[in-house]
Amino acid sequence: MKMEDMPLSGPDNTRLEALVHDIYSELVEDACLGLCFEVHRAVKQGYFFLDETDQESMKEFEIVDQPGVDIFGQVYNQWKNKECECPNCKRLIAASRFAPHLEKCLGMGRNSSRIANRRLATNNNMSKSESDQEDNDDLNDNDWSYGAEKKAKKRKSDKNQNSPRRPKSLKHKNGELGSSVSSEPYKYNYNTGISYETLGPDEVRSLLTTQCGVISEHTKKMCTRSHRCPQHTDEQRRAVRLFLLGPSAPTLPDADAVVESDSFDIPDGQTLMSRLQWEDSPDISPSDSASSKASTNHSDSRRPKKKKRTSLGLNSGVVGGVVGGGGGVVGGGGGGGGGGGGG
Amino acid sequence: MSKDSQMRAAINQKLIEMGERERLKELLRAKLVECGWKDQLKAQCKDVIKEKGLEHVTVEDLVTEVTPKGRALVPDSVKKELLQRIRAFLAQHATL
């Protein structure tokens, strides 16, 4: 018995230790006895040797105790370095990558459809932008500086294709953008803004009616915020519109309602719609509705949505700022849709 | 000495009354199963049975053959832990 555990020497302690050991021995004997009874009962009842009846299978399933192998005798990463031939594309793929490769190769599984859609979108995007290039003759001079960021922007838009973070305003815009709805969403990059050179003049016009559109110095992209975005002044917006659409471009919507009064009626519905569409202008509308000038036009704004379609696009930018209180008026929703189709 | 035996009896009684003995027994059993002691001892029992014959083996046979081996086969760690717990109990509850 180990006596090293005794903290102090003395008659009491030795007796105590002896006692402790005695108690321990009793406990161990109890355990042994319990086991004996258990075994004896098993023997007499006949179930003690039940797991040893079949000598053959016992040899077969004996526990293996070799290095590099588990207790069943299997090698752990036997298939890691093997290569398998894909039945579809006949390529040799590593075993651990085989399942994901098959998923994509056969076109089944969750991710493969997503990727395929994305690829389709890129192809559409590329073919569409190539046709657009010829339209923007006046921009070709500046191609060299903007060319790089066009590629970057496309990559960014690819990323946002199938992700749930697709910009919400797309849903509203779908009516407005009419024909270009297939490619427009892919160019519409919520995060970084739009590169104007890939858009046709119609699209640029329609974009400018709803957005700030000021081209940023560093990224050369159009600002996608509302007409009242605090980063850019109206002067900048006017300049951009002049630059992009030529001298015939409409004047910028101003805060004060002292603009051409004849153009008030028609685009009202559309600009209301544009006000409504833009997600980050809810804070703007209350301030606008406070202005008395805007309030007069509210009730009139429920005009028919389909007047002169061709000019709508041009003039839509005009009164955008005026009827700022459109946040409360939901009826003008259809006006923007009609106007965008013609534009 | 009767004093000694009295003391022992008192302590044993206390152990049982407070349920500590049961707890210690369960703890020991669990530890012995964990460390494989039970299987080792069962193998010993098998030998004894094969020796004495399946029909005629008695409990006494098993006990006398197996218990000393059992006592010896208890791993040191288990033994230490149990001794410690008993000592702790005595330190707490024994009045000397």
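**View 1. Chain A and chain B meet over about 3700 Å² of buried area.** Of this area, 72% lies on carbon and sulfur atoms. Buried area is the accessible area (1.4 Å probe) that two parts lose on being put together, summed over both. In chain A, the residues that lose the most area to chain B are A:Tyr24, A:Leu27 and A:Leu35, together 17% of what that side buries. The contact (heavy atoms within 4.5 Å) draws 34 residues from chain A and 42 residues from chain B.

This is a predicted model, in which local features need pLDDT of at least 70, side-chain atom pairs count only at pLDDT 80 or more, and totals for chains, interfaces and linings use all residues. Residues are numbered from 1 along each chain as its sequence is written, chains are lettered from A and ligands numbered from 1 in the order in which they are written, and side-chain values use heavy atoms, with hydrogens and water left out.

**View 2. Six salt bridges run between chain A and chain B.** A salt bridge is a side-chain nitrogen of Lys or Arg within 4 Å of a carboxyl oxygen of Asp or Glu. Over all chains, the count comes to 12 salt bridges. Between chain A and chain B there are also eight residue pairs in polar contact, both residues at pLDDT 80 or more. A polar contact is a pair of N or O atoms within 3.5 Å; within protein, one must be able to donate a hydrogen and the other to accept it, and residues adjacent in sequence count only if both atoms are side-chain atoms. The side of chain A that touches chain B has 19 nonpolar, three polar and 12 charged residues. Here Ala, Val, Leu, Ile, Met, Phe, Trp, Tyr, Cys and Pro count as nonpolar, Asp, Glu, Lys and Arg as charged, and the others, Gly among them, as polar.

**View 3. A:Glu17 reaches across to B:Arg87 in a salt bridge.** The N to O distance is 2.7 Å. A:Glu17 sits in helix 1 (residues 11-45) of chain A, and B:Arg87 in helix 5 (residues 76-93) of chain B, so the pair crosses between chains. Helices (H or I, at least four residues) and strands (E, at least two) are DSSP runs, numbered from the N terminus. A:Glu17 has 6% relative accessibility and counts as buried. Buried means under 20% relative accessible area, exposed over 50%, and partly exposed in between (1.4 Å probe, protein chains only).

**View 4. A:Glu26, A:Asp30 and B:Arg21 form a network of salt bridges.** In one of its links, A:Asp30 pairs with B:Arg21. The closest N and O atoms of A:Asp30 and B:Arg21 are 3.4 Å apart.

**View 5. Within chain B, salt bridges join helix 5 to helix 2.** B:Arg85 meets B:Glu20 at 3.7 Å, N to O. B:Arg85 is in helix 5 and B:Glu20 is in helix 2 (residues 20-34), 65 residues apart. B:Arg85 is partly exposed at 34% relative accessibility, whereas B:Glu20 is buried at 10%. B:Glu81 pairs with B:Lys31, the closest N and O atoms being 3.4 Å apart. B:Glu81 belongs to helix 5 and B:Lys31 to helix 2, so their salt bridge ties together parts 50 residues apart in sequence. Both ends count as partly exposed: B:Glu81 at 31% and B:Lys31 at 21%.

**View 6. B:Asp61 is a buried residue of helix 4 (residues 59-73) in chain B.** Its relative accessibility is 18%. A polar contact of 3.1 Å joins its side chain to that of B:Thr58. Leaving aside residues up to four places away in sequence, B:Asp61 touches B:Lys52 and B:His56. B:Ile49 is 12 residues from B:Asp61 in sequence, with 8.9 Å between their C-alpha atoms.

**View 7. A:Asn81 lies in a loop of chain A, between helix 2 (55-60) and strand 1 (83-85).** A:Asn81 is exposed, at 71% relative accessible area. A:Ala94 is 13 residues away in sequence and 6.8 Å away in space, C-alpha to C-alpha.

**View 8. Residues 84-105 of chain A carry a UniProt annotation.** The unreviewed entry lists them as "zinc finger region: SGF11-type". UniProt positions follow the numbering used here, feature names are shortened, and annotations may be inferred rather than shown by experiment. The end C-alpha atoms of this span lie 14 Å apart, and the span is 36% helix and 23% strand. Chain A as a whole has 14 helices and two strands. Of its 343 residues, 39% count as buried.
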